[in-house]
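This report describes how the helices of one protein chain are arranged. It then turns to single residues in the helices and loops.

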Amino acid sequence: MSLGSRLREARERIGFSQDDVAQRLELHRTTIGKYENNECDPSIDVLSKLIEIYCEDANYILYGKTKRSINVFGLPQSIIQKIYFIIAEYRLNERKMFEK
């Protein structure tokens with residue numbers, strides 16, 4: 001699914017028309033249509049506003065992947081740092097595997 005398709009799906013999920021979104025962003029309705037039809041990409045500023053309006057996860061809108069979160073509430077900072085380190089190491093190794 002493309003970025004435009006995910007934007008359209010998110011807009012329709014909350015029941016907004018292209019006009020509704022365009023008015024909130026002070027853009028023309030056809031601009032929203034162009035984003036949704038992959039004719040052009042929104043700027044970072046517009047994209048962040050769309051994500052906020054649609055109450056969507058940025059990872060989903062950008063990459064089609066849902067964000068997974070880890071509840072680290074109450075854990076010592078040293079443990080949280082180790083968790084982040086493990087995740088970063090995994091991602092680095094995963095990228096190296098794909099580069100081969």
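## Two positions in α2 and α3

The model is predicted. Gln 23 belongs to helix α2. With a relative accessible area of 63%, Gln 23 is exposed, because the threshold for that class is over 50%. Its C-alpha atom lies 23 Å from that of Leu 62, and the two residues are 39 residues apart in sequence.

Arg 29 is found in helix α3. Its relative accessible area is 36%, so Arg 29 is partly exposed. Arg 29 and Asp 19 are ten residues apart in sequence, and their C-alpha atoms are 5.1 Å apart in space. Apart from residues up to four places away in sequence, Arg 29 touches Gln 18, Asp 19 and Ala 22.

## Packing of α2 on α4

Two packed helices are described by the distance between their axes and the angle between them. Helix α2 covers residues 18-25 and helix α4 covers residues 44-54; their axes come within 11 Å and cross at roughly 125°. That angle makes α2 oblique to α4, because angles over 145 degrees would be needed for roughly antiparallel and 65 to 115 for roughly perpendicular. The crossing of α2 and α4 is right-handed.

On the α2 side the contact is made by Val 21, Arg 24 and Leu 25. On the α4 side it is made by Val 46, Lys 49, Leu 50, Ile 53 and Tyr 54. Six residues of the contact of α2 with α4 are nonpolar and two are charged, with no polar ones.

## Packing of α1 on α4

Helix α1 spans residues 3-13, and its axis comes within 9 Å of the α4 axis at a crossing angle of roughly 35°. The crossing of α1 and α4 is left-handed.

In this pair, Leu 3, Leu 7, Ala 10 and Arg 11 of α1 meet Leu 47, Leu 50 and Tyr 54 of α4. The contact of α1 with α4 holds six nonpolar residues, one charged residue and no polar residue. Leu 50 and Tyr 54 of α4 take part here, and Leu 50 and Tyr 54 are also among the residues of the contact with α2.

## Buried faces of α1 and α3

The buried residues of α1 are Leu 3, Gly 4, Arg 6, Leu 7, Ala 10 and Arg 11. Viewed down the axis of α1, these residues fall within an arc of 165°, so they line one face of the helix. They pack against α2, α3, α4 and α5, the last of these being residues 58-63. Arg 11 is thus listed among the buried residues of α1, and Arg 11 also meets α4.

In helix α3, which runs over residues 29-36, the buried residues are Ile 32, Gly 33, Tyr 35 and Glu 36. They fall within an arc of 160° when seen down the axis of α3, so these residues also line one face of their helix. What covers them includes α1, α2 and α4.

## Positive phi values

Most residues other than glycine have a negative phi. Glu 26 is not a glycine, yet it has a positive phi of about 55°. Glu 26 is found in the loop between α2 and α3, and its relative accessible area of 74% makes it exposed.

Asn 38 likewise has a positive phi, about 60°, although it is not a glycine. It lies in the loop between α3 and α4, following α3. Its relative accessible area is 41%, so Asn 38 is partly exposed. A glycine with positive phi follows α1: Gly 15, with phi near 80°.

## Cys 40 in the loop between α3 and α4

Cys 40 is also placed in the loop between α3 and α4. Its relative accessibility is 30%, so Cys 40 counts as partly exposed.

Where does the chain bring Cys 40 in relation to Gly 4? The two residues are 36 residues apart along the chain, and their C-alpha atoms are separated by 9.0 Å. Gly 4 is one of the buried residues of α1. Leaving aside neighbours within four places in sequence, Cys 40 is in contact with Lys 34 and Tyr 35. Of these, Tyr 35 is among the buried residues of α3.

Notes: Residues are numbered from 1 along each chain as its sequence is written. This is a predicted model: local features need pLDDT of at least 70, side-chain atom pairs count only at pLDDT 80 or more; totals for chains, interfaces and linings use all residues. Side-chain values use heavy atoms; hydrogens and water are left out. Axes are lines fitted to C-alpha atoms, for helices over the stretch in contact, and angles run from 0 to 180 degrees between N-to-C directions. Helices (H or I, at least four residues) and strands (E, at least two) are DSSP runs, numbered from the N terminus. Angles under 35 degrees count as roughly parallel, over 145 as roughly antiparallel, 65 to 115 as roughly perpendicular and the rest as oblique. A crossing is left-handed if the near helix is turned anticlockwise from the far one by less than a right angle, and right-handed if clockwise. Contact means heavy atoms within 4.5 Å. Ala, Val, Leu, Ile, Met, Phe, Trp, Tyr, Cys and Pro count as nonpolar, Asp, Glu, Lys and Arg as charged, and the others, Gly among them, as polar. Buried means under 20% relative accessible area, exposed over 50%, partly exposed in between (1.4 Å probe, protein chains only). The arc is that of the directions from the helix axis to the C-beta atoms.
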